Amino acid sequence: MSAQKVLLHVCCAPDATVPWADLPGEGYEVVPYWYGNNIHPAAEEKRRRDTLAALSLRMGGSVLWEEYVPETWLEAASRLANEPEGGARCALCFRLQLEAAARRASAMKIPLLCTTLTISPHKNAELINSIGAECASQYGVAWLARVFRKENGFVRSVALSKEYGLYRQSYCGCLYSMTRGGNNHGTAARGEASPVAP
Ligand code: SF4
């Protein structure tokens, strides 16, 4: 039986290492997808995009790229500029990313959608899976719920990123996370400890 295709929304190459390695073992063919419009400035988006391109050479997949149009993200998110990391802006950001990913999956007739976002110990995996399921349903695809940080997933991703020489960013991505500092992976998972400082 041929593997079922899953569009894997990739938030950054380091976070993709483990999902991309593990999903084929579950019988899925990974089709990686890059959104990027939440990343600021353009040079940083290009650096992260290039890092994913390098990872795809190693993993043997072909990435589906979105054109970089950050204004689309800023228009929607700027009204929540003063939200702290882990607040409403991050929830909206997840939705913007996963809606775009679901739209692409539907257009490409890829039946399943998943995201690398849940590998971070700093993000709320339950919220991400809930938003992902809504976005997938909106576009007629199925949501593959995963919490990739489980079973040492995050620790493995740090080790693999180091082994592959991947660039690891020092802030989550948007203008607000860049200028205010904070963790490098966005939304805090309340009540969950961070096992390793990224
Ligand atoms: S901190 Fe990260 S998750 Fe939150 S809005 Fe910015 S880029 Fe998105």
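How far apart are the end C-alpha atoms of H6, and what span should its 12 residues have at 1.5 Å a residue? The first legend takes up this question, and the others visit further parts of this predicted model.

**View 1. Helix H6 has the span that its residue count suggests.** The end C-alpha atoms of H6 are 16 Å apart. That agrees with the 16 Å that 12 residues should span at 1.5 Å a residue, because the expected span is 1.5 Å times one less than the number of residues. Look along the helix for its buried residues: Gly 153, Phe 154, Ser 157, Val 158 and Ser 161. They sit on the same side of H6, because they cover an arc of only 140° around the axis. This buried side packs against H1. On the face turned away from the buried side you will find the exposed residues Lys 162 and Glu 163. Just after the helix comes Gly 165, with a positive phi near 70°.

**View 2. Two residues with positive phi lie in the loop leading to H6.** Glu 151 belongs to the loop between strand S5 (142-143) and helix H6 (153-164). Its phi is positive, about 50°, although Glu 151 is not a glycine. Asn 152 is found in the loop between S5 and H6 as well, and its phi is also positive, near 65°, in a residue other than glycine. Are these two residues buried or exposed? Glu 151 is exposed, because 11 other C-beta atoms lie within 10 Å and the limit for "exposed" is 12 or fewer. Asn 152 has 13 such atoms within 10 Å, so it counts as partly exposed.

**View 3. Five strands build an open, parallel sheet.** Reading across the sheet, the order is S3-S2-S1-S4-S5. S3 and S5 are the edge strands, each pairing on one side only. In general, strands of a sheet pair through backbone hydrogen bonds, in either a parallel or an antiparallel way. Here, S1 (residues 4-10) and S2 (residues 28-34) run parallel and share seven bridges. One place to spot this pairing is Lys 5, which stands opposite Glu 29 in S2. On the way from S1 to S2, have a look at helix H1 (residues 13-22): S1, H1 and S2 together make a right-handed β-α-β unit.

**View 4. S2 and S1 have further parallel partners.** S2 is joined to S3 (residues 64-65) by two bridges. One pair to look for here is two tryptophans, Trp 34 and its bridge partner Trp 65 in S3. S1 is joined to S4 by four bridges. In this pairing, Leu 7 has Leu 113 in S4 as its bridge partner.

**View 5. The largest nonpolar core holds 43 residues.** Which of its members touch the most other members? They are Val 6, Leu 7, Leu 8, Val 10, Ala 101, Ala 102 and Leu 113. Several elements supply at least two residues each, including S1, S2, helix H3 (70-77) and strand S4 (112-115). Helix H4 gives the largest share, seven residues. Zoom in on Val 10: leaving out residues up to four places away in sequence, Val 10 touches Ala 16, Pro 32, Tyr 33, Trp 34, Leu 52 and Thr 116. Apart from this core lies another, of five residues, among them Ile 119, Phe 148, Phe 154 and Val 158.

**View 6. A cis peptide bond joins His 40 and Pro 41.** The omega angle of this bond is about -5°. Pro 41 lies in the loop between S2 and helix H2 (42-59).

**View 7. Pro 121 is buried, while Ala 133 is partly exposed.** Pro 121 is in the loop between S4 and H5. It counts as buried because it has 21 C-beta neighbours inside 10 Å, and 20 or more are needed. From Pro 121 to Gly 132, which is 11 residues away along the chain, the C-alpha atoms are separated by 18 Å. Ala 133 lies in helix H5. With 17 C-beta neighbours inside 10 Å, Ala 133 counts as partly exposed. Leaving aside neighbours within four places in sequence, Ala 133 is in contact with Trp 143 and Ala 145. Ser 157 is 24 residues from Ala 133 in sequence, and their C-alpha atoms are 24 Å apart in space.

Definitions and conventions: Residues are numbered from 1 along each chain as its sequence is written. This is a predicted model: local features need pLDDT of at least 70, side-chain atom pairs count only at pLDDT 80 or more; totals for chains, interfaces and linings use all residues. Two strands pair if DSSP finds at least two bridges between them. A crossover is right-handed if, with the strands pointing away from the viewer, the path from the first strand over the helix to the second runs clockwise. A nonpolar core is a set of buried Ala, Val, Leu, Ile, Met, Phe, Trp, Tyr and Cys residues joined through C-beta atoms within 7 Å. Two residues are in contact if their C-beta atoms, placed from the backbone, lie within 7 Å. The arc is that of the directions from the helix axis to the C-beta atoms.
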